[in-house]
Amino acid sequence: TETYWNGALSNWAIDLVKLGYEVESLPYNDSITYGNTNHPLDLSNYKVFIIDEPNILFSASQKDALISFVQNGGGLFIISDHDISDRNGDGYDSPYIWNDLFMNNTFQSNPFGITFDLQNFSQTSTNIANLPGDSCLHGVAGDVAAMQYNNGTSMSLDVIANPSVRGLIYKNGASNTGNTQVLFARAIYGNGKVCSLGDSSPSDDGTG
């Protein structure tokens, strides 16, 4: 049932299980590792890692684990939220935390070609990129027609840092082929894939 898990991503997890996927949650007090054979929840045991609105800075070893995971074929689903969304009062909110990972790591500056803007806005966007063959926009669940933001931020893309990065959904009124005012983006890094969303509301089922 949809009440099997608690938390804002419960519906999403249940839907994935019903489609045949195996889903686990990393406990709050556990660690993010890659290549640690002594850690049962090491990222090398998984295909996709979803991180929703982090509010604690990633350590240097956690950054290495996340980027190595993607580089070696993993999928990372990045979810941020609006500017000034510091839930635990430690001085850092999710846009800052993600940008810190992107810009301060041992691999390269901005490996995924994504930077979160420091904004706070709400809208239902119907400004979808015209990419008929894109599996994110035209997948097994159907075609994307709109996405609702409830206090989120946009992204700016750097195609020099990562030539594969592409905006898929944009703010209403923006160019749907540009590198600014992006609401949802995807990129390839090494052998892995990244999806990036600037608001936690689209994945929130209301139970958080």
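The following paragraphs describe the aromatic ring pairs of this predicted model, a lysine placed over a ring, and the surroundings of one asparagine.

The structure holds 11 aromatic pairs. One of them joins phenylalanine 77 and phenylalanine 184, whose ring centres are 6.1 Å apart and whose planes meet at 50°; the pair is therefore tilted, since that class covers angles that are neither under 30 degrees nor over 60. Distant parts of the chain are linked by this pair: phenylalanine 77 belongs to strand E2 (residues 75–79) and phenylalanine 184 to strand E11 (residues 182–189), with the two positions 107 residues apart. Phenylalanine 77 has a relative accessibility of 18% and counts as buried, because the limit for that class is under 20%. Phenylalanine 184, at 12%, is likewise buried.

A second tilted pair is formed by tyrosine 92 and tyrosine 96, with ring centres 5.2 Å apart and planes at 35°. Here the residues are partly exposed: tyrosine 92 has a relative accessible area of 30%, and tyrosine 96 reaches 44%.

Ring pairs also build a cluster, which consists of Phe58, Trp98, Phe102, Phe112, Phe116 and Tyr189. Elsewhere, a charged side chain meets an aromatic face: lysine 171 lies over phenylalanine 121, at 4.0 Å from the ring centre.

Phe102, a member of the cluster, is also among the residues touched by asparagine 110. This asparagine is located in the loop between helix H3 (94–103) and strand E3 (114–116). Its relative accessibility is 4%, so asparagine 110 counts as buried. Beyond residues up to four places away in sequence, its contacts are Phe102, Met103, Thr115, Asp158 and Ala161.

Notes
Residues numbered from 1 in each chain as written. Predicted model: local features only at pLDDT ≥ 70, side-chain atom pairs only at ≥ 80, totals over all residues. Heavy atoms only, no water. Helix = DSSP H or I, 4+ residues; strand = E, 2+ residues; numbered from the N terminus. Buried < 20%, exposed > 50% of the residue type's maximum accessible area, 1.4 Å probe, protein only. Contact = heavy atoms within 4.5 Å. Phe/Tyr/Trp six-rings, centres within 6.5 Å; stacked < 30°, edge-to-face > 60°. Lys NZ or Arg CZ within 6 Å of the ring centre and 35° of its normal.
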